[in-house]
Structures are given as C-alpha cells and as structure tokens.
Amino acid sequence: MDPLLDVKGLTVGFGTDDGVVQAVRGVDFEVRSGEILAIVGESGSGKSVTAMSLLKLLPPSATIEGSVDWAGESLLDASEQRMQAVRGNEIAMIFQDPLSALNPVYKVGQQIAEMVHSHRKVSKADARARAVEMLTQVGIPQPEKRVNQFPHEFSGGMRQRAMIAMGLSCEPRLIVADEPTTALDVTVQAQVLDLLVDLCHRLSTAVILITHDLGVVAGIADRVTVMYAGRVVESGSVDDVFDATAHPYTAGLLSSLPRLDGDVAAPLVPIAGQPPSMLNPPSGCSFHPRCPFAKEEAGCMTIVPTLDERRPGQLSACHRAPELIETGALLRVGAPA
Ligand SMILES: Nc1ncnc2c1ncn2[C@@H]1O[C@H](COP(=O)(O)OP(=O)(O)OP(=O)(O)O)[C@@H](O)[C@H]1O
Ligand SMILES: [Mg+2]
C-alpha cells in the first residue's frame, strides 16, 4: 500500500543574525493510512519544525527543501489556497498549548463550528450540532452547555479535549499532534492520549504523535522515528526499537526511562551532555560528542552515517551499529557496570 504521507529529504534552515539554524537536515519518514507514527527526540531535535513544514506553517525566514508527498500530491509545491483547504480538513494539527491555538475571545463551540463551516457545505445550525457532537465524543460533560463557554472556562485537560474535538471535526485523514499533553498533569495526560488514539482508531485517522518522552510511545504508537539534531537516527516498529535498539541515542533515551516491566533496581541514567547548537552542529555523527561508543577509527567524528536497514523495517544511522547489535552492547546501556 502506498503511504498516505511520504516525506523525503526534508531540510529546513532559518536565516538568523548569527547564521543559518539547520533545524532539519534531510529527514525521511512515511505514514500509512490509519497508523500511529511517533516522532521522538530531545528538545531542539527538529520535531516541531518538521511538523510545521508539512502544513507550510513556517515563518518567512525558513527555507524548505525536499519533498512532502500527500496521497500523491506534492504539498511543498501546493498553493496557499490549496494549503488552506488541506489544513484542518485533510491534515489537522493539535498543538502543545491549546490556549495559544484556541482563540480566547470566541466560544469553544463557535470555533469548532467555524472549522466545520469553512470546509464543509453545511448550515450554521448543522455546524453547531457537529460541535456538540464532537464535544460529546471527546468526553466533555454537558456538551450543550460547554459549547457556549469560552476557552478560559475550561480546565487544561478539557481544553485539550476540545482541541482534539476541533481537530477531528472535519474527519481529517491525518492528525499531527505536537506534544499534545505536556502541559497537563500525568494522569490527565494518559487519559487524553488514550482518548486521541481510541478516536483515531475508530475513525481510521492516521496520527503523527510528537513527543520527547519515549515512555508515552509504548503501547500507543505502531512505529517510531527517533530524531537527533535535525536528522533521523533510528526508525522501526515500536517493538523492534524498544526491544532490539539499533542506535546508541535510542538506547540512551530508553535507559533514562522508568522501567515498566518491574526492574526497579535498574538505575535511570540520563544521557550525559546537552543537545548541540543547530547553528553549528558537530561534524560526522552529530551524536558523537555524547556517545559512549564513538570511535575515531569508525569515522564517527568525521563521516555522516547513512540511515541503513539493520533488520527488516528497522533503520539506524550509526557507523558502529552492526557490531553493537551483534555484541548486544546497546541493550546494556545504562545497566550497572
Ligand atoms: N523561527 C525559528 N528561527 C530560528 N530557529 C528556529 C525557529 N524555530 C525553531 N528553530 C530552531 O530549530 C531547531 C529545532 O526546533 P524545534 O522546535 O523543531 O525542536 P523540537 O524538537 O520541537 O523541540 P521541543 O521538544 O523543545 O519542542 C531548534 O534549534 C530551534 O531553536
Ligand atoms: Mg517542539
């Protein structure tokens, strides 16, 4: 089956007074119809810039290269008029902070109805009825009353549910959810994510779930793409990436997570060091300054590693991957010495 979304060589730079910020550097990924793809990486790895590129929501200082194929159509070549028809209707976006995405001066129901009305030939009354129906679907109590309230009258969790309601109101084929729950407390986070995934499964909506927390990916996503310093370093099914990690950075992310399988004795080991500046990213493999396995002879400091298949459907960009996989070294990252 052809992918619904096929991104190839996506490259985004921002011109600034200090030089060009190389936010995204040749990213490839695809999303199939109805599947949930997680994009994971530390702060600054280029996740949001990647998401915004898909819908061409970047500021004028950005230059974009590469290709974004949306069901056979090139979105990077599409007109602004066409993009307005795509946004919300074919691809919807849910942001981290619903207060900045919801307009504070309009009632929540009005905003959902407006979204429906702008894309569908429906009457105002039908659009409003759709808003009530969507608020009901996302589990907002008393939707008939809530539809007439303003965003500030909703709790954080309710606002995020309202964003999901708005996102799904036109039945898009893809939802891009950028850290949709980070502003919420942990129990509400899990509820909202479960709700999003459950609704998307029911409607066969594909999801790109962006998060810096590999922990939320388990049990929710089908596949995962791990980004570091604007590049993809590993991708594959969630099971393969978790159980048979093929990149030292992913191994580092995993060892910094609380273990759910009961091994409470295993220490939580954060990855040493800081993500690099994208004005002047490290040479060779960008992860080499923080990588416990980096070796001069392997080319880690000088040669950019290519993203190669390690197992069927699992790719990683690491010069030493074959050897590290073979010896099981990546599975022991963070284990007591
Ligand atoms: N408008 C902009 N102008 C200049 N640099 C930018 C701009 N937007 C983003 N960047 C830079 O691009 C890089 C990638 O940013 P991005 O927001 O995609 O990271 P992220 O992975 O989403 O991080 P986070 O987890 O913190 O949301 C960062 O170095 C960031 O500072
Ligand atoms: Mg972000």
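A residue is near a molecule or strand if its C-beta atom, placed from the backbone, lies within 6 Å of it. With that in mind, begin the tour by selecting ligand 1, where, of the 16 residues around the ligand, Phe14, Ala23, Ser43, Lys47 and Ser48 come nearest. The model is a predicted one, in which local features need pLDDT of at least 70 and side-chain atom pairs count only at pLDDT 80 or more, while totals for chains, interfaces and linings use all residues. Residues are numbered from 1 along each chain as its sequence is written, and chains are lettered from A and ligands numbered from 1 in the order in which they are written.

**The shell around ligand 1**

Keep ligand 1 selected and colour its shell by class: there are 6 nonpolar, 9 polar and 1 charged residues, where Ala, Val, Leu, Ile, Met, Phe, Trp, Tyr, Cys and Pro count as nonpolar, Asp, Glu, Lys and Arg as charged, and the others, Gly among them, as polar. S1, S2 and H1 each supply at least two residues of this shell, and the largest share, 3 residues, comes from H1. These labels follow DSSP runs numbered from the N terminus, helices being H or I runs of at least four residues and strands E runs of at least two.

**The whole protein**

Now zoom out to the whole protein, which has 12 helices and 12 strands. Its radius of gyration, taken over C-alpha atoms, is 21 Å, close to the 20 Å that the globule rule (2.2 Å times the number of residues to the power 0.38) gives for 337 residues, so the protein is as compact as a globular protein of that length. Along its principal axes the C-alpha trace spans about 70 × 45 × 40 Å. A residue is called buried if 20 or more other C-beta atoms lie within 10 Å of its own, exposed if 12 or fewer, and partly exposed in between, with C-beta atoms placed from the backbone; buried residues make up 43% of the 337 residues.

**The sheet of four strands**

Next select S1, S2, S4 and S5, which form an open sheet in the order S2-S1-S4-S5 with antiparallel pairing, two strands being paired if DSSP finds at least two bridges between them. S2 (19–31) and S5 (73–74) stand at the edges, each with a single partner strand, so one side of each is left without a neighbour in the sheet. Add helix H1 (residues 47–54), which lies across S1 (5–16), S2 and S4 and runs at about 70 degrees to S2; such angles run from 0 to 180 degrees between N-to-C directions, with axes fitted to C-alpha atoms, for helices over the stretch in contact.

At the edge, S4 (residues 62–70) and S5 pair over 2 bridges, and Trp70 has Glu73 as its bridge partner in S5. What stands in the loop between S4 and S5? Ala71 is found there, with a positive phi of about 50 degrees although it is not a glycine. Most residues other than glycine have a negative phi. With 14 C-beta neighbours inside 10 Å, Ala71 counts as partly exposed.

**The sheet of eight strands**

Move on to the open sheet of 8 strands, whose order is S6-S7-S8-S3-S9-S10-S12-S11 and whose pairing is mixed. Its edge strands are S6 (91–94) and S11 (308–311), each of which pairs on one side only, and neighbouring strands are turned by 20 degrees against each other on average, direction ignored.

Within this sheet select S10 (residues 231–237), where 6 of the 7 residues are buried, so the strand is largely enclosed by the rest of the structure. S9 (residues 223–228) pairs with S10 in the antiparallel sense over 6 bridges, and Val226 has Glu234 as its partner in S10. In the hairpin of S9 and S10, which has 2 residues between the strands, Ala229 takes a positive phi near 50 degrees. S10 is also joined by 2 bridges to S12 (residues 314–316), the two running antiparallel, and here Ser235 is bridged to Leu315.

**Around helix H8**

Finally, go to the loop between S7 (174–178) and H8, where Glu179 is found. Glu179 has a positive phi of about 45 degrees although it is not a glycine, and with 19 other C-beta atoms within 10 Å it is partly exposed. End at Gln189, which is placed in helix H8 (residues 186–203) and is partly exposed, with 18 other C-beta atoms within 10 Å.

Technical notes:
Contact = placed C-beta atoms within 7 Å.
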